[in-house]
Structures are given as C-alpha cells and as structure tokens.
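Student: Could we go through a few labels together? I'd like to see how each value is set against its cut-off.

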Amino acid sequence: MSQSLHFVVSSSRSPNLTLPNRSYLKLSPPPSNLRFPVTFVRRPISASSSDVDSNSPSKVLVSDNGKGGVLPATSPEYVPPPSDSSSIDVDAVTEADLKENGFRSTRRTKLVCTIGPATCGFEQLEALAVGGMNVARINMCHGSREWHRRVIERVRRLNEEKGFAVAIMMDTEGSEIHMGELGGAPSAKAEDGEIWTFSVRAFDSPRPERTINVNYDGFAEDVKVGDELLVDGGMVRFDVIEKIGPDVKCRCTDPGLLLPRANLTFWRDGSLVRERNAMLPTISSKDWLDIDFGIAEGVDFIAISFVKSAEVIKHLKSYIAARSRDSDIAVIAKIESIDSLKNLEEIIQASDGAMVARGDLGAQIPLEQVPSAQQRIVQLCRHLNKPVIVASQLLESMIEYPTPTRAEVADVSEAVRQRADALMLSGESAMGLFPEKALAVLRSVSVRIEKWWREEKRHEAMELPDIASSFSDSISEQICNSAAKMGKYSFALPFPLQI
C-alpha cells in the first residue's frame, strides 16, 4: 500500500481577526484542519524563507507513516533528507510547481483523470502525471479486472520510477439501470426517428440490429408506453412507443452517441420514475467483487455510486476494515440521485469525501437545479471538513475538439471559486482525442482562479480598517473599552476572511 499523506487545509469557518497596535493585519490560526489521503513518494527539497512564511499557521504536507512509495536507503536514487528543519517532502510535479510559483502560489485544486483506452499506456499516464494529474480513476463500468490491474501496475511503476505521487481511485458501477455492451463496438449512433429495441433478453447469437440489452429484469414491467427514456443523463432521448413481452420499442427523439453500459432513466408526466429503485441495492453483487479487487490491489480510494444512505458507507467501511486491517482506503460517496440529496448531511458525515456526479444527478433532478445542488454539496463538505470532487462534463467538448468552450471555462472557474478540493475529467481523458490538453486547461484555469481569489481576499483585508472606521463613535468606543480590558483589539467579522 502506498504511503498515506494528508493535505492540511484551513477550514471554511471564520477565524478571529486581531488588530494589534500596528498598521497591518495578523490572522490567528484556523480552528481546525482537513485531512485528505493521497499516494506519496518522497523527494526532499529545501524551502527558502522567501517562499515559506514561518509565521503562517497552515501546514501544507503532513506524513503519518514511513512506508509505501519511499525509496529504500540502498537504492541508487535514494536522497537522504537534509538535516535542515526547513525542508519538506514533495513529489516531482509539486517540486517543479514550488520552484516555479513559490510556496504560497502552488496549485491547491487537485486533478482527477479517468483512465480509458486513450490514456492507459505507460507513456500516456506519464504525460498526464507531468501535466498535473493527482489521482488516476478507474471506472469499473468499463473494461475487465485484468485491464484495470494493468493500469494500476503502470501507475505504481510510474510513482516508483519517476518520482510522482499519483493516487488510484476505483469507481464502482452501482446497481442502477444501465445498458449492456454494444457487441464489442465502442459506440453506436442513434439518429432522429430511428426505432430501437431495449430488451432484458440474453442473446446467444449476435444481437439484432438496433437492439440494446438492459441489466434490470423488471425494466419491461416498470416502463409504460408514452414514457421518455434518457440515456447517459439525456445525451440521447427516446419515446416508448410499444411493449412486446421483454422488449420495449422506442423512437429516438434526440439523436446522439450511445456508449456501452450507459446509465438509463425514464420520466413520466415530467417526473422521474423512481419506483424501479426500491428493490435495487446500492452495492450490487458485481460491486462487491470489484471492491474485493480494489482491496487486493491496494487502491487509495473507492467511490460508491448512487449512495442512498449513510448506512451503506458505514457497512462498506466495516467490510474494508475486516478484509484489510492495515488498509487506509478512503470511501468517497458519489452524490448523483434524489435519495443522496435527501440524506446529504448524514452521507457526507459518514464518508471520507464526496463527489458531485453532475451527469447522473442532472438526469434525476431538473437541469436548472444542478448548479444550486453543486453549491450546496460543496459548501456542506467544507463545513464538515470533508474533501469534495466536482465531476462530469467539465470540458465535454474537448472529447472531440482541442479547445474548450468559454462556458466550460466559466464552469471550471466557478467550481474553483466554490473551493472544491478536486476537479475530475471523465470522457475527456478516458476516450477523448485531446486528454493532455484537457488536463492543461483544468490546471491553468485552477491556478489562475486561485491566484485571483487570493488577490481579492488580500484586497478585502487591506480595506478592513476603512470598514472599522465607518462604525459609529459609540460602537467604536464600546469596542475599544472592551478590548482595553483584554489587552488587545479584537472583533469577529460576520463573514469568512482568508488570505
């Protein structure tokens, strides 16, 4: 198991603001810390006093054990840590970032890349690591376990040989309704007006043309003529026109690309049909086998799809602890259903972090509610000191085009401004034509928005004396009299102040 490392970030709660008898402001230490484990490889470097403020209350890296990715002392590449107490241990990419931008301007927002056919080779993985990938995500909806095992081995090798610190996240499939494979084809095009058949039958011979298998046996019974069927969160839409035994005939109304094992939802009279989920477990039998695989391979994170309650998270954590007592695998709850939103706080409290899976979430709630749901999830995670990942369709156009739309850049910027801990690429890095460029866009936008945010907060802090002077004379006199008894001037602001 790779060494576990914790990123320590000041919380979102408002620290006290002290006004000493000097012309500048000094912030007191934040009240609590946030821990987020990732894979780590030691590369000692020295931090100069110009880069690190010795009076800063926030630590950046804290290592809690000495195993995993650390090079042995007998290795020719081993570099003994310097005796200087000002040194810290970082990976290759962070070292370059520190040298280029300084300690205070390094990128805080972490980047998660889904690994697929476009990025599964060692050279492609190295290019992503150089570009700033912090976590490699393997999606158990696609590919065999042997394929995923090879990807994990390449990431481990990359960390050991090249000095990177890329963690591994395994994402379970979940037990929601989804399509089957497309007869070995990577995709299929559904055109406007075409009739497609969705069937629960297993075909011994090659499946008929325009026929798709569905994994849920009760699909034909639950769906009704006139229902609207959404594929992959609405990327393709069908109207149900006929039911013949286990087969459901549908007419394509919004053409698009059908991908293997895409999620299926259906709506009736403008509302999502949810009765079908009542008897489906959150973690399917296949998911448990995949979880055993992840534990055996020593992944760093397991993301659970379509979490409905905190009990699922607690049960999984106890299972992991029983199967691997020395494991420090973190459990990430994917918020992508109405049930997740209803039990949001208890789910986040039980988990080690959350993912805003906007694609499937947008198929279960009206699209115009997705931005407010994202903001609510991010704010709650920050309040509870839990890491949060914003995912799905961040740079969807870059699957086919080398540059993003301006709206996509604005979307990424908003996620960074909300202080999301990480951003995730899905199809952009798994099967896109420009995975490295997509990652470069996430990195550059994150760095720029973080810098702008710090400048904005610093400017607000410089204006605080003007705010204080605008108080009425009587209130100011009361503040000064009270502070004189304590030996210092202090007051609490009604809004967060972070510099």
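Student: Why is Arg 210 called partly exposed?
Tutor: Its relative accessible area is 35%, and partly exposed is the class between buried (under 20%) and exposed (over 50%), using a 1.4 Å probe and protein chains only. So Arg 210 is partly exposed. Bear in mind that this is a predicted model, where local features need pLDDT of at least 70, side-chain atom pairs count only at pLDDT 80 or more, and totals for chains, interfaces and linings use all residues. Residues are numbered from 1 along each chain as its sequence is written, and side-chain values use heavy atoms, leaving out hydrogens and water.

Student: What makes Arg 210 and Glu 194 a salt bridge?
Tutor: A salt bridge needs a side-chain nitrogen of Lys or Arg within 4 Å of a carboxyl oxygen of Asp or Glu. The closest N and O atoms of Arg 210 and Glu 194 are 3.3 Å apart, so the pair meets that definition.

Student: Why does Glu 194 count as buried?
Tutor: Glu 194 has a relative accessible area of 16%, so it is buried.

Student: How do you know that Arg 149 and Glu 297 form a salt bridge?
Tutor: Their closest N and O atoms are 2.9 Å apart, so this pair fits the definition too. Arg 149 sits in helix α3 and Glu 297 in helix α5, 148 residues apart.

Student: And why is Arg 149 called partly exposed?
Tutor: Because its relative accessibility is 25%.

How values were computed
Helices (H or I, at least four residues) and strands (E, at least two) are DSSP runs, numbered from the N terminus.
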